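Visitor: I would love a close look at one part of this protein: its charged pairs and what lies around them. Could you walk me through that part and set it in its surroundings?

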Amino acid sequence: MKIRPLNDRVLVVRVEEEKKTAGGIIIPDTAKEKPQEGKVIAAGPGKMGDDGKRIPLDVKAGDRIFFSKYAGSEIKVDGVEHIFMREDDILSIVV
């Protein structure tokens with residue numbers, strides 16, 4: 001299934017975190033929080049400005065990002081969990 005986000009929305013898939021700490025302690029699944037890091041799968045064309053022109057997004061497909069904890073809406077696409085969020089929910093791009 002192909003999905004194309006509209007306006008300033010992006011489609012993100014979460015990136016799994018390490019199951020061990022730096023000290024070698026294994027973290028059980030029940031103690032882990034959902035990661036706040038993801039990979040942009042698709043990005044919309046940008047929102048419309050007051051002058052009627054599109055304002056392009058700063059992110060593009062393939063970027064690794066950090067996003068706010070309760071950002072977006074979770075959906076399943078072909079059995080994989082994705083998140084639809086606005087560009088405003090993205091905190092940074094990992095370079």
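Guide: Happy to. Let's start with the overall layout: from the N terminus on, the elements run β-β-β-β-β-β-β-β. That comes to eight strands and zero helices. Please keep in mind that this is a predicted model. Of the contacts with a separation of 6 or more, 64% are between residues 24 or more positions apart, and the charged pairs give some examples of links across the sequence.

A search of the whole structure finds four salt bridges, and I'll take you through three of them, beginning with Arg 86 and Asp 8. Their closest N and O atoms are 2.8 Å apart. Arg 86 sits in strand β7 and Asp 8 in the segment before β1, so this pair links distant parts of the chain, 78 residues apart. The two partners differ in cover: Asp 8 is buried because its relative accessible area is 4%, under the 20% cut-off, whereas Arg 86, at 36%, is partly exposed.

Asp 8 also leads us to a glycine. Gly 46 lies in the loop between β2 (37-43) and β3 (47-48). Leaving aside neighbours within four places in sequence, Gly 46 is in contact with Asn 7, Asp 8, Arg 54, Ile 55 and Leu 57. Its relative accessibility is 0%, so Gly 46 counts as buried. The C-alpha atoms of Gly 46 and Arg 9 are separated by 7.6 Å, although these residues are 37 apart along the chain.

Next comes the pair of Glu 74 and Arg 14, whose side chains meet in a salt bridge at 3.1 Å, N to O. Because Glu 74 lies in strand β6 (residues 73-77) and Arg 14 in strand β1, this bridge ties together parts that are 60 residues apart in sequence. Glu 74 is partly exposed, with a relative accessible area of 40%.

In the third pair, the side chains of Glu 37 and Arg 64 meet at 2.4 Å, N to O. Here strand β2 supplies Glu 37 and strand β5 supplies Arg 64, a link between distant parts of the chain that are 27 residues apart. Glu 37 counts as buried at 17% relative accessibility, while Arg 64, at 35%, counts as partly exposed.

Glu 37 brings us to the nonpolar interior, by way of Ile 65. Besides Glu 37, the contacts of Ile 65 beyond four places in sequence include Val 12, Val 40, Val 59 and Ile 90. Ile 65 and those four nonpolar residues belong to the largest nonpolar core. This core has 11 residues, among them Leu 57, which we met as a contact of Gly 46. Strands β1 (9-14), β5 (64-67) and β7 (80-86) are the elements that give two or more residues to the core.

Ile 65 also contacts Val 94, and that takes us out to the surface. Phe 66, Leu 91 and Val 94 form a nonpolar patch there, with about 260 Å² of accessible area together. Leu 91 is found in strand β8 (residues 90-94), and at 60% relative accessibility it counts as exposed.

To finish with the wider view, buried residues make up 29% of the 95 residues. The accessible surface comes to about 6800 Å², of which 53% belongs to carbon and sulfur atoms.

Notes. Residues numbered from 1 in each chain as written. Predicted model: local features only at pLDDT ≥ 70, side-chain atom pairs only at ≥ 80, totals over all residues. Heavy atoms only, no water. Patch = residues over 30% accessible without salt bridge, like charges linked within 9 Å, V, L, I, M, F, W, Y side chains within 5 Å. Areas by Shrake-Rupley, 256 points an atom, 1.4 Å probe, with all protein chains shown as cover. Helix = DSSP H or I, 4+ residues; strand = E, 2+ residues; numbered from the N terminus. Buried < 20%, exposed > 50% of the residue type's maximum accessible area, 1.4 Å probe, protein only. Contact = heavy atoms within 4.5 Å. Core = buried A, V, L, I, M, F, W, Y, C linked by side-chain atoms within 4.5 Å.
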